[in-house]
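Got the model open in your viewer? Here is a tour, stop by stop, with what to select and what you'll find there.

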Amino acid sequence: MTHDVKEIFASERGPGGSATAPPAPAALAAKVRTLAPSMTRSMQRVAEAVASDPAGCAALTVTGLAELTGTSEATVVRTARLLGYPGYRDLRLALAGLAAQQQSGRAPAITTDIAVDDPIADVVAKLAYDEQQTLADTAAGLDTVQLGAAVTALAGAGRTDVYGVGASGLVAQDLTQKLLRIGLIAHAHSDPHLAVTNAVQLRAGDVAIAITHSGSTGDVIEPLRVAFERGATTVAITGRPDSAVTQYADHVLTTSTARESELRPAAMSSRTGQLLVVDCLFVGVAQRTYEAAAPALSASYEALAHRHRR
(Lines give C-alpha, C1' and ligand atoms only; values in the text may rest on other atoms or scores of the structure.)
Protein backbone atom coordinates (compact mmCIF):
# COMPACT_ATOMS: atom_id res chain seq x y z
CA MET A 1 0.00 0.00 0.00
CA THR A 2 1.41 3.40 -0.96
CA HIS A 3 1.97 6.24 1.51
CA ASP A 4 -0.83 8.20 -0.24
CA VAL A 5 -3.34 5.41 0.33
CA LYS A 6 -2.28 5.04 3.98
CA GLU A 7 -2.95 8.73 4.53
CA ILE A 8 -6.38 8.42 2.95
CA PHE A 9 -7.26 5.46 5.16
CA ALA A 10 -6.08 7.36 8.22
CA SER A 11 -8.14 10.43 7.34
CA GLU A 12 -11.27 8.34 6.99
CA ARG A 13 -11.31 7.39 10.66
CA GLY A 14 -13.24 9.38 13.18
CA PRO A 15 -12.19 10.26 16.74
CA GLY A 16 -10.46 7.38 18.44
CA GLY A 17 -9.92 5.67 15.10
CA SER A 18 -13.53 4.52 14.71
CA ALA A 19 -15.16 4.61 11.30
CA THR A 20 -18.66 5.81 10.58
CA ALA A 21 -21.16 3.13 9.59
CA PRO A 22 -21.04 2.57 5.81
CA PRO A 23 -24.19 2.51 3.65
CA ALA A 24 -26.03 -0.79 3.33
CA PRO A 25 -25.34 -2.86 0.19
CA ALA A 26 -28.76 -1.93 -1.22
CA ALA A 27 -27.77 1.73 -1.20
CA LEU A 28 -24.49 1.16 -3.07
CA ALA A 29 -25.98 0.98 -6.56
CA ALA A 30 -28.03 4.10 -5.87
CA LYS A 31 -24.96 5.99 -4.70
CA VAL A 32 -22.98 5.01 -7.78
CA ARG A 33 -25.74 6.15 -10.13
CA THR A 34 -26.22 9.42 -8.25
CA LEU A 35 -22.59 10.41 -7.76
CA ALA A 36 -20.87 9.03 -10.88
CA PRO A 37 -21.65 12.06 -13.10
CA SER A 38 -19.85 14.39 -10.66
CA MET A 39 -16.76 12.18 -10.28
CA THR A 40 -13.46 12.55 -12.08
CA ARG A 41 -13.08 10.29 -15.11
CA SER A 42 -10.72 7.93 -13.26
CA MET A 43 -13.11 7.64 -10.33
CA GLN A 44 -15.97 7.05 -12.76
CA ARG A 45 -14.08 4.04 -14.14
CA VAL A 46 -13.88 2.57 -10.65
CA ALA A 47 -17.56 3.31 -9.94
CA GLU A 48 -18.67 1.85 -13.27
CA ALA A 49 -16.64 -1.30 -12.62
CA VAL A 50 -18.13 -1.97 -9.19
CA ALA A 51 -21.65 -1.22 -10.45
CA SER A 52 -21.41 -3.51 -13.48
CA ASP A 53 -19.69 -6.44 -11.75
CA PRO A 54 -20.04 -6.31 -7.94
CA ALA A 55 -19.19 -10.00 -7.52
CA GLY A 56 -16.01 -9.76 -9.60
CA CYS A 57 -14.82 -6.57 -7.93
CA ALA A 58 -15.55 -7.94 -4.47
CA ALA A 59 -12.91 -10.60 -5.14
CA LEU A 60 -10.22 -8.03 -6.01
CA THR A 61 -7.71 -6.34 -3.74
CA VAL A 62 -7.33 -2.57 -3.92
CA THR A 63 -4.36 -3.13 -6.21
CA GLY A 64 -6.32 -5.53 -8.40
CA LEU A 65 -9.22 -3.09 -8.86
CA ALA A 66 -6.78 -0.28 -9.61
CA GLU A 67 -5.15 -2.40 -12.32
CA LEU A 68 -8.52 -3.48 -13.73
CA THR A 69 -9.71 0.11 -14.08
CA GLY A 70 -6.39 1.61 -15.14
CA THR A 71 -6.31 3.87 -12.10
CA SER A 72 -4.30 4.06 -8.86
CA GLU A 73 -4.85 2.58 -5.42
CA ALA A 74 -5.44 6.10 -4.11
CA THR A 75 -8.19 6.64 -6.68
CA VAL A 76 -9.90 3.39 -5.68
CA VAL A 77 -9.85 4.38 -2.01
CA ARG A 78 -11.07 7.91 -2.76
CA THR A 79 -13.93 6.45 -4.77
CA ALA A 80 -14.88 4.15 -1.89
CA ARG A 81 -14.81 7.12 0.46
CA LEU A 82 -16.96 9.28 -1.82
CA LEU A 83 -19.51 6.47 -1.96
CA GLY A 84 -19.73 6.59 1.83
CA TYR A 85 -17.43 3.74 2.89
CA PRO A 86 -14.61 4.24 5.44
CA GLY A 87 -12.21 2.27 3.27
CA TYR A 88 -11.88 -0.20 0.42
CA ARG A 89 -12.42 -3.19 2.70
CA ASP A 90 -15.87 -1.84 3.60
CA LEU A 91 -16.68 -1.29 -0.07
CA ARG A 92 -15.68 -4.89 -0.85
CA LEU A 93 -18.06 -6.15 1.85
CA ALA A 94 -20.88 -4.08 0.37
CA LEU A 95 -20.09 -5.38 -3.11
CA ALA A 96 -20.24 -8.96 -1.84
CA GLY A 97 -23.60 -8.24 -0.21
CA LEU A 98 -24.96 -6.61 -3.36
CA ALA A 99 -23.78 -9.55 -5.47
CA ALA A 100 -25.57 -11.95 -3.13
CA GLN A 101 -28.78 -9.93 -3.40
CA GLN A 102 -28.59 -9.93 -7.20
CA GLN A 103 -28.01 -13.68 -7.30
CA SER A 104 -31.01 -14.24 -5.05
CA GLY A 105 -33.17 -12.05 -7.26
CA ARG A 106 -33.74 -9.37 -4.59
CA ALA A 107 -31.63 -6.83 -6.47
CA PRO A 108 -32.27 -7.22 -10.20
CA ALA A 109 -29.64 -6.29 -12.72
CA ILE A 110 -30.05 -3.05 -14.66
CA THR A 111 -32.20 -3.52 -17.75
CA THR A 112 -31.08 -2.64 -21.25
CA ASP A 113 -32.31 0.50 -22.96
CA ILE A 114 -35.61 0.49 -24.82
CA ALA A 115 -35.10 -0.42 -28.47
CA VAL A 116 -37.10 0.91 -31.40
CA ASP A 117 -38.40 -2.58 -32.19
CA ASP A 118 -39.18 -3.64 -28.60
CA PRO A 119 -42.66 -5.18 -28.16
CA ILE A 120 -44.97 -2.96 -26.13
CA ALA A 121 -44.99 -5.53 -23.31
CA ASP A 122 -41.20 -5.18 -23.02
CA VAL A 123 -41.50 -1.40 -23.05
CA VAL A 124 -43.95 -1.57 -20.15
CA ALA A 125 -41.69 -3.93 -18.20
CA LYS A 126 -38.56 -1.84 -18.77
CA LEU A 127 -40.24 1.44 -17.91
CA ALA A 128 -41.80 -0.08 -14.79
CA TYR A 129 -38.42 -1.36 -13.66
CA ASP A 130 -36.74 2.00 -14.31
CA GLU A 131 -39.46 3.83 -12.37
CA GLN A 132 -39.11 1.42 -9.45
CA GLN A 133 -35.32 1.74 -9.51
CA THR A 134 -35.50 5.53 -9.60
CA LEU A 135 -37.78 5.56 -6.56
CA ALA A 136 -35.58 3.08 -4.70
CA ASP A 137 -32.40 4.99 -5.54
CA THR A 138 -33.91 8.32 -4.51
CA ALA A 139 -35.19 6.90 -1.22
CA ALA A 140 -31.83 5.28 -0.47
CA GLY A 141 -29.89 8.47 -1.11
CA LEU A 142 -32.26 10.99 0.46
CA ASP A 143 -30.76 12.79 3.47
CA THR A 144 -33.51 12.63 6.08
CA VAL A 145 -31.82 15.28 8.24
CA GLN A 146 -31.95 17.75 5.34
CA LEU A 147 -35.50 16.62 4.57
CA GLY A 148 -36.60 17.20 8.16
CA ALA A 149 -35.06 20.68 8.17
CA ALA A 150 -36.85 21.55 4.92
CA VAL A 151 -40.14 20.27 6.36
CA THR A 152 -39.68 22.43 9.45
CA ALA A 153 -39.04 25.51 7.31
CA LEU A 154 -42.07 24.82 5.10
CA ALA A 155 -44.38 24.18 8.03
CA GLY A 156 -43.59 27.58 9.50
CA ALA A 157 -43.23 29.56 6.28
CA GLY A 158 -45.19 32.74 5.72
CA ARG A 159 -45.00 32.03 2.00
CA THR A 160 -43.38 29.45 -0.26
CA ASP A 161 -42.18 30.03 -3.83
CA VAL A 162 -41.22 27.05 -5.99
CA TYR A 163 -39.14 27.39 -9.17
CA GLY A 164 -38.95 24.86 -12.00
CA VAL A 165 -39.02 24.81 -15.79
CA GLY A 166 -39.99 22.06 -18.23
CA ALA A 167 -40.68 18.75 -16.51
CA SER A 168 -39.44 20.21 -13.21
CA GLY A 169 -42.05 22.94 -13.62
CA LEU A 170 -44.76 20.29 -13.51
CA VAL A 171 -43.30 19.02 -10.24
CA ALA A 172 -43.22 22.58 -8.87
CA GLN A 173 -46.93 22.92 -9.65
CA ASP A 174 -47.64 19.59 -7.96
CA LEU A 175 -45.94 20.73 -4.75
CA THR A 176 -47.69 24.09 -4.61
CA GLN A 177 -51.10 22.50 -5.23
CA LYS A 178 -50.47 20.12 -2.34
CA LEU A 179 -49.43 22.94 0.00
CA LEU A 180 -52.45 25.02 -0.99
CA ARG A 181 -54.75 22.10 -0.14
CA ILE A 182 -53.60 22.27 3.50
CA GLY A 183 -54.02 26.01 3.77
CA LEU A 184 -50.46 27.22 3.13
CA ILE A 185 -49.53 30.10 0.82
CA ALA A 186 -47.52 28.74 -2.10
CA HIS A 187 -46.75 29.80 -5.66
CA ALA A 188 -45.12 27.92 -8.56
CA HIS A 189 -43.06 29.91 -11.05
CA SER A 190 -41.95 28.62 -14.45
CA ASP A 191 -41.53 32.07 -16.02
CA PRO A 192 -37.98 33.19 -15.11
CA HIS A 193 -38.89 36.90 -15.05
CA LEU A 194 -41.84 36.39 -12.71
CA ALA A 195 -39.75 34.06 -10.59
CA VAL A 196 -37.09 36.71 -10.00
CA THR A 197 -39.54 39.56 -9.41
CA ASN A 198 -41.38 37.44 -6.86
CA ALA A 199 -38.15 36.26 -5.22
CA VAL A 200 -37.27 39.89 -4.50
CA GLN A 201 -40.30 40.05 -2.19
CA LEU A 202 -39.23 37.11 -0.03
CA ARG A 203 -37.89 37.65 3.47
CA ALA A 204 -36.69 35.68 6.47
CA GLY A 205 -39.42 33.23 7.43
CA ASP A 206 -40.32 32.57 3.78
CA VAL A 207 -39.14 29.54 1.78
CA ALA A 208 -37.89 29.24 -1.80
CA ILE A 209 -37.51 25.84 -3.49
CA ALA A 210 -35.62 25.24 -6.73
CA ILE A 211 -36.28 22.04 -8.67
CA THR A 212 -33.69 21.20 -11.32
CA HIS A 213 -32.35 17.75 -12.10
CA SER A 214 -29.14 19.03 -13.69
CA GLY A 215 -28.62 21.66 -11.01
CA SER A 216 -27.41 24.05 -13.70
CA THR A 217 -30.65 25.56 -15.03
CA GLY A 218 -30.03 29.31 -14.95
CA ASP A 219 -33.74 30.20 -14.96
CA VAL A 220 -34.09 28.30 -11.68
CA ILE A 221 -30.77 29.21 -10.08
CA GLU A 222 -31.22 32.98 -10.45
CA PRO A 223 -34.47 33.32 -8.45
CA LEU A 224 -33.09 30.98 -5.79
CA ARG A 225 -30.01 33.20 -5.54
CA VAL A 226 -32.19 36.27 -5.10
CA ALA A 227 -34.32 34.53 -2.45
CA PHE A 228 -31.16 33.37 -0.65
CA GLU A 229 -29.75 36.89 -0.56
CA ARG A 230 -33.09 38.24 0.70
CA GLY A 231 -32.86 35.94 3.72
CA ALA A 232 -35.45 33.31 2.79
CA THR A 233 -34.77 29.67 3.64
CA THR A 234 -33.77 27.99 0.38
CA VAL A 235 -34.10 24.36 -0.72
CA ALA A 236 -32.69 22.67 -3.82
CA ILE A 237 -34.16 19.44 -5.21
CA THR A 238 -31.57 18.17 -7.67
CA GLY A 239 -29.88 15.10 -9.08
CA ARG A 240 -26.44 16.73 -8.77
CA PRO A 241 -25.48 17.38 -5.13
CA ASP A 242 -22.39 19.39 -6.15
CA SER A 243 -24.04 21.49 -8.87
CA ALA A 244 -24.34 25.26 -9.14
CA VAL A 245 -27.82 25.46 -7.61
CA THR A 246 -26.62 24.06 -4.28
CA GLN A 247 -24.41 27.08 -3.54
CA TYR A 248 -27.59 29.06 -2.85
CA ALA A 249 -29.42 26.28 -0.98
CA ASP A 250 -29.66 26.01 2.80
CA HIS A 251 -30.92 22.45 2.34
CA VAL A 252 -30.19 20.04 -0.53
CA LEU A 253 -32.45 17.08 -1.35
CA THR A 254 -30.87 14.74 -3.87
CA THR A 255 -32.83 12.66 -6.37
CA SER A 256 -31.60 9.66 -8.32
CA THR A 257 -29.54 10.29 -11.42
CA ALA A 258 -31.70 9.53 -14.43
CA ARG A 259 -30.63 6.96 -17.00
CA GLU A 260 -31.22 8.70 -20.31
CA SER A 261 -31.77 6.87 -23.60
CA GLU A 262 -32.75 7.84 -27.11
CA LEU A 263 -36.43 7.08 -26.53
CA ARG A 264 -36.57 8.22 -22.92
CA PRO A 265 -35.21 11.69 -22.10
CA ALA A 266 -33.66 12.16 -18.67
CA ALA A 267 -36.55 14.43 -17.67
CA MET A 268 -38.96 11.50 -17.65
CA SER A 269 -36.96 9.49 -15.15
CA SER A 270 -35.84 12.45 -13.04
CA ARG A 271 -39.43 13.59 -12.59
CA THR A 272 -40.23 10.31 -10.81
CA GLY A 273 -37.61 10.95 -8.13
CA GLN A 274 -38.62 14.59 -7.80
CA LEU A 275 -42.25 13.64 -7.21
CA LEU A 276 -41.19 11.26 -4.43
CA VAL A 277 -39.29 14.06 -2.70
CA VAL A 278 -42.27 16.40 -3.12
CA ASP A 279 -44.58 13.80 -1.56
CA CYS A 280 -42.17 13.37 1.36
CA LEU A 281 -42.12 17.13 1.90
CA PHE A 282 -45.90 17.40 1.75
CA VAL A 283 -46.59 14.51 4.12
CA GLY A 284 -43.98 15.83 6.55
CA VAL A 285 -45.55 19.30 6.52
CA ALA A 286 -49.06 17.85 6.89
CA GLN A 287 -47.86 15.92 9.95
CA ARG A 288 -46.31 19.02 11.51
CA THR A 289 -49.42 21.14 10.87
CA TYR A 290 -52.01 18.41 11.33
CA GLU A 291 -54.51 20.43 13.41
CA ALA A 292 -54.80 22.99 10.62
CA ALA A 293 -54.01 20.67 7.69
CA ALA A 294 -56.71 18.06 8.39
CA PRO A 295 -59.66 20.51 8.35
CA ALA A 296 -58.20 22.25 5.27
CA LEU A 297 -57.97 18.95 3.41
CA SER A 298 -61.53 18.04 4.42
CA ALA A 299 -62.79 21.41 3.22
CA SER A 300 -61.05 21.04 -0.14
CA TYR A 301 -62.46 17.52 -0.61
CA GLU A 302 -65.94 18.75 0.22
CA ALA A 303 -65.66 21.71 -2.15
CA LEU A 304 -64.60 19.43 -5.01
CA ALA A 305 -67.32 16.90 -4.19
CA HIS A 306 -69.94 19.66 -4.18
CA ARG A 307 -68.73 20.88 -7.56
CA HIS A 308 -69.00 17.39 -9.03
CA ARG A 309 -72.54 16.98 -7.68
CA ARG A 310 -73.72 20.12 -9.47
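One definition before we start clicking: contact, or touching, means heavy atoms within 4.5 Å.

What you have is a predicted model, where local features need pLDDT of at least 70, side-chain atom pairs count only at pLDDT 80 or more, and totals for chains, interfaces and linings use all residues. Residues are numbered from 1 along each chain as its sequence is written, and side-chain values use heavy atoms, with hydrogens and water left out.

**Whole chain**

Start with a cartoon view. The protein chain has 14 helices and 5 strands; these are DSSP runs numbered from the N terminus, helices being H or I with at least four residues and strands E with at least two. Of its 310 residues, 46% count as buried, where buried is under 20% relative accessible area, exposed is over 50% and partly exposed is in between (1.4 Å probe, protein chains only). Among the contacts with a separation of 6 or more, 71% are between residues 24 or more positions apart.

**Stop 1: Thr238**

Select Thr238, in strand E4. Buried or exposed? Threonine 238 is buried, because its relative accessible area is 0%. Show what surrounds the residue: beyond four places in sequence, Thr238 touches Thr212, His213, Ser214, Gly215, Ser243, Val245, Thr246, Val252, Leu253, Thr254 and Thr255. Now look for the 3.2 Å polar contact from the side chain of Thr238 to the backbone oxygen of His213. Polar contact here means a pair of N or O atoms within 3.5 Å; within protein, one must be able to donate a hydrogen and the other to accept it, and residues adjacent in sequence count only if both atoms are side-chain atoms.

**Stop 2: the largest nonpolar core**

Next, select Ile209, Leu253 and Leu281. In the largest nonpolar core, which has 27 residues, these three touch the most other members. Helices H9 (144-155), H10 (167-181) and H13 (266-288) each give two or more residues to this core, as do strands E3 (207-211) and E4 (233-238). A nonpolar core is a set of buried Ala, Val, Leu, Ile, Met, Phe, Trp, Tyr and Cys residues joined through side-chain atoms within 4.5 Å. Another core, of 24 residues, lies apart from this one, and Leu28, Ala47, Ala49 and Ala80 are among its members.

Stay on Ile209 for a moment. Outside its neighbours up to four places away, Ile209 touches Leu154, Thr160, Asp161, Val162, Tyr163, Leu175, Leu224, Val235 and Ile237.

**Stop 3: Asp161 and Arg159**

From that list, pick Asp161, which lies in strand E1 (residues 160-163). Asp161 is buried, with a relative accessible area of 0%. Its side chain makes a polar contact of 3.5 Å with the side chain of His189. Which residue's side chain reaches the side chain of aspartate 161 at 3.0 Å? Arginine 159 does, through a polar contact.

Click over to Arg159, in the loop between H9 and E1. Arg159 counts as buried because its relative accessibility is 17%. Draw a distance from its C-alpha to that of Val207: the two are 48 residues apart along the chain, yet separated by 6.4 Å.

**Stop 4: Lys178**

Move to helix H10 and select Lys178. Beyond four places in sequence, Lys178 touches Val278, Asp279 and Phe282. The side chains of Lys178 and Asp279 are joined by a polar contact of 3.4 Å.

**Stop 5: H3, H6 and Met39**

Color helix H3 (residues 41-52) and helix H6 (residues 73-82). Their axes come within 9 Å and cross at roughly 70°; axes are lines fitted to C-alpha atoms, for helices over the stretch in contact, with angles from 0 to 180 degrees between N-to-C directions. H3 and H6 are therefore roughly perpendicular to each other. At the contact you'll find Ser42, Met43, Val46 and Ala47 of H3, with Thr75, Val76, Arg78, Thr79 and Leu82 of H6.

Finish on Met39, in the loop between helix H2 (25-35) and H3. Met39 is buried, at 7% relative accessible area. Setting aside residues up to four places away, Met39 touches Gln44, Ala47, Thr79, Leu82 and Leu83.

Note on methods: Angles under 35 degrees count as roughly parallel, over 145 as roughly antiparallel, 65 to 115 as roughly perpendicular and the rest as oblique.
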